[in-house]
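Here are my notes for you to read alongside the model. Keep the 3D view open and click on each residue as it comes up.

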Amino acid sequence: MRLSAPKCRPSRVSQTAPLQLRRRTFATPTSTPSPITADRNASVGHQKDCTTITPPYNALLSKLNVVRSILKRPLTLAEKILYAHLGDPHKSLAGAGGNIRGEAYLQLRPQRVAMQDASAQMALLQFMTCGLPSTSVPTSIHCDHLIQAITGAEEDLKRSLVTNAEVFDFLESAAKKYGIEFWGPGSGIIHQIVLENYAAPGMLMLGTDSHTPNAGGLGLLAIGVGGADAVDAMTGTPWELKAPRITGIHLKGKFPENGWASPKDLILHLAGRLTVKGGTGRILEYFGEGVFNQSCTGLATIANMGAEVGATTSTFPYTPSMRAYLHATGRSPVADAADEAASAGYLQADEGAEYDELIEINLGELEPTLNGPFTPDLATPLSKFPSLLQEKGWKDEISAALIGSCTNSSYEDMTRAAELARQAKDAGLTTQVPFLCTPGSEQIRATMERDGLTAALEDVGATVLANACGPCIGQWKRPESKDEN
């Protein structure tokens, strides 16, 4: 995978200054986005400063040894990561009488916090009352929720910079004051930015968004929380969590070579089996050969949608695809450190570890799946969808098509959509309904443009939106139909 450097596009505007075009950059806690003459964008082969990204593996392994001496049993991967982040293992585990999962309350020390612009506002106001000069753990703010999709990326972003100027100015100024990294509007969706820049195997992080578990595609525990919980971590206060139960999901085989099934179909299928409540109070831990046949961004899609079944989060053992993704995104030091941690037994479950529930899925038996309407756990294999429509008396018409969001906005996702678009063009077809595409980040958008994906999508009628949540969270101006209610 080669990633292209982002091009010059609007970044932000102050409340009083006229609109200015600036280069979107990897924000720093001490400076505004660089002027157009600067060039701090990532390029192929560029390695990031991983000082605050690489987990303290030696300390975590040392803590894990203490945990082993207390529990005296094989541990799942999720348990290893959680318990290695305990402030005091003896206090949280020793008095539980062996009944940890679903019973004990854990006092944890997360390593990182990420906040989106809608939820960060109250969290920052709470943090400011604590009187601290800076956050206790690395923290980032991502402006992705307040950009409404109307006409396309350029105009929508300009409009958002004006209408939300007060919010963006507050978030950026607070970020500067407290040493928080600020990703301005248009930089990308929080979860894709975290996956590309901050996530690391074996880490425990919090995010003020329900789909924070997306980062689990890199073999960590990323948990969505409210602003008050995030402030606990930001102030260095132990964060309390009732120990989740662990559901083991054994993935066998690989997707059919000549089929259309993908990681998205796996999690859609699982949602149908677990229902929207089946993951409540649980961590979904995937294992087996099927995990090692998936890309890192494919695993992220699976982890992302674990939220739809109510799961606390999802995770996977460290794989070669994770290592390759870390190298490709400029985090080779993290990959090297993770290799050593994996060799020491930290990034996979112990042999003989037991799960509270075990689910087996043969990837070779899956087919493209459609979930909904009305609920994400109404899973229907594509081959059975026509009969479902007939049975329910539903229309077989599509009113809009959306590709993107934090679930499916990686470069891998976009290449699949672009290939279909090229085939449609060759057949003389164009879209007959609104077709909206949302790149997950500026890095993805630039790479799409470089490789001709954007042109392929636009050739059949797609509108490429700003790198933001947009339609996924209802932030779009959808034309009304006379037949809809």
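1. Let's start with a word you'll need a lot: buried means under 20% relative accessible area, exposed means over 50%, and partly exposed is in between (1.4 Å probe, protein chains only). By that yardstick Cys130 is partly exposed, because its relative accessible area is 38%. Cys296, in contrast, is buried, with a value of 3%. As for disulfides (pairs of cysteine sulfur atoms within 2.5 Å), a search of the whole structure turns up zero.

2. Before going on, some ground rules. This is a predicted model, in which local features need pLDDT of at least 70, side-chain atom pairs count only at pLDDT 80 or more, and totals for chains, interfaces and linings use all residues. Residues are numbered from 1 along each chain as its sequence is written, and side-chain values use heavy atoms, with hydrogens and water left out.

3. Now the helix and strand labels: they are DSSP runs numbered from the N terminus, with helices (H or I) of at least four residues and strands (E) of at least two. Two strands pair if DSSP finds at least two bridges between them. In general, strands of a sheet pair through backbone hydrogen bonds, either parallel or antiparallel.

4. Look for an open sheet of five strands in the order E4-E3-E2-E5-E6, with parallel pairing. Which strands stand at the edges? They are E4 (181-183) and E6 (221-224); each has a single partner strand, so one side of each is left without a neighbour in the sheet. Neighbouring strands here are turned by 20° against each other on average, direction ignored. Angles like this are taken between axes, which are lines fitted to C-alpha atoms (for helices over the stretch in contact), and run from 0 to 180 degrees between N-to-C directions.

5. Zoom in on that sheet. Strand E2 (residues 112-116) and strand E3 (residues 139-142) run parallel and are joined by four bridges. Met115 stands opposite Ile141 in E3. Helix H6 (residues 165-178) packs on the sheet and touches E3 and E4, where contact means heavy atoms within 4.5 Å. The direction of H6 makes about 155° with that of E4.

6. Strand E8 (residues 245-252) is a good one to trace. Six bridges join E8 to E9, and the two run parallel. His250 has Phe287 as its bridge partner in E9. Between these strands the chain passes through H9, making a right-handed β-α-β crossover. Right-handed means that, with the strands pointing away from the viewer, the path from the first strand over the helix to the second runs clockwise. E8 is also joined to strand E11 (residues 357-362) by six bridges, again parallel. There, the partner of His250 in E11 is Glu360.

7. How many residues of helix H10 (residues 296-304) are buried? Nine of the nine, so H10 is largely enclosed by the rest of the structure. Among them are Cys296, Leu299 and Ile302. What covers these buried residues includes helix H7 (190-197), H9, E9, strand E10 (313-315), helix H11 (320-328) and helix H14 (411-426).

8. There's another open sheet, with three strands in the order E14-E15-E16 and parallel pairing. Its edge strands are E14 (401-403) and E16 (463-464), each pairing on one side only. Strand E15 (residues 435-437) pairs with E16 over two bridges, and Leu436 has Thr463 as its bridge partner in E16.

9. Some backbone oddities for you to check. Gly372 and Pro373 are joined by a cis peptide bond, with omega about 5°. Pro373 sits in the loop between strand E12 (369-371) and strand E13 (379-381). Phe374 is found in that loop between E12 and E13 too. Although it is not a glycine, Phe374 has a positive phi of about 75°, and it is exposed at 79%. Thr275, also not a glycine, has a positive phi of about 70°; Thr275 lies in the loop between helix H9 (263-274) and strand E9 (282-287).

10. Last stop: Ala353, in the loop between helix H12 (332-343) and E11. Ala353 counts as buried because its relative accessibility is 17%. Its C-alpha atom is separated by 5.4 Å from that of Thr76, although the two residues are 277 residues apart along the chain. Leaving aside neighbours within four places in sequence, Ala353 is in contact with Pro74, Leu75 and Thr76.
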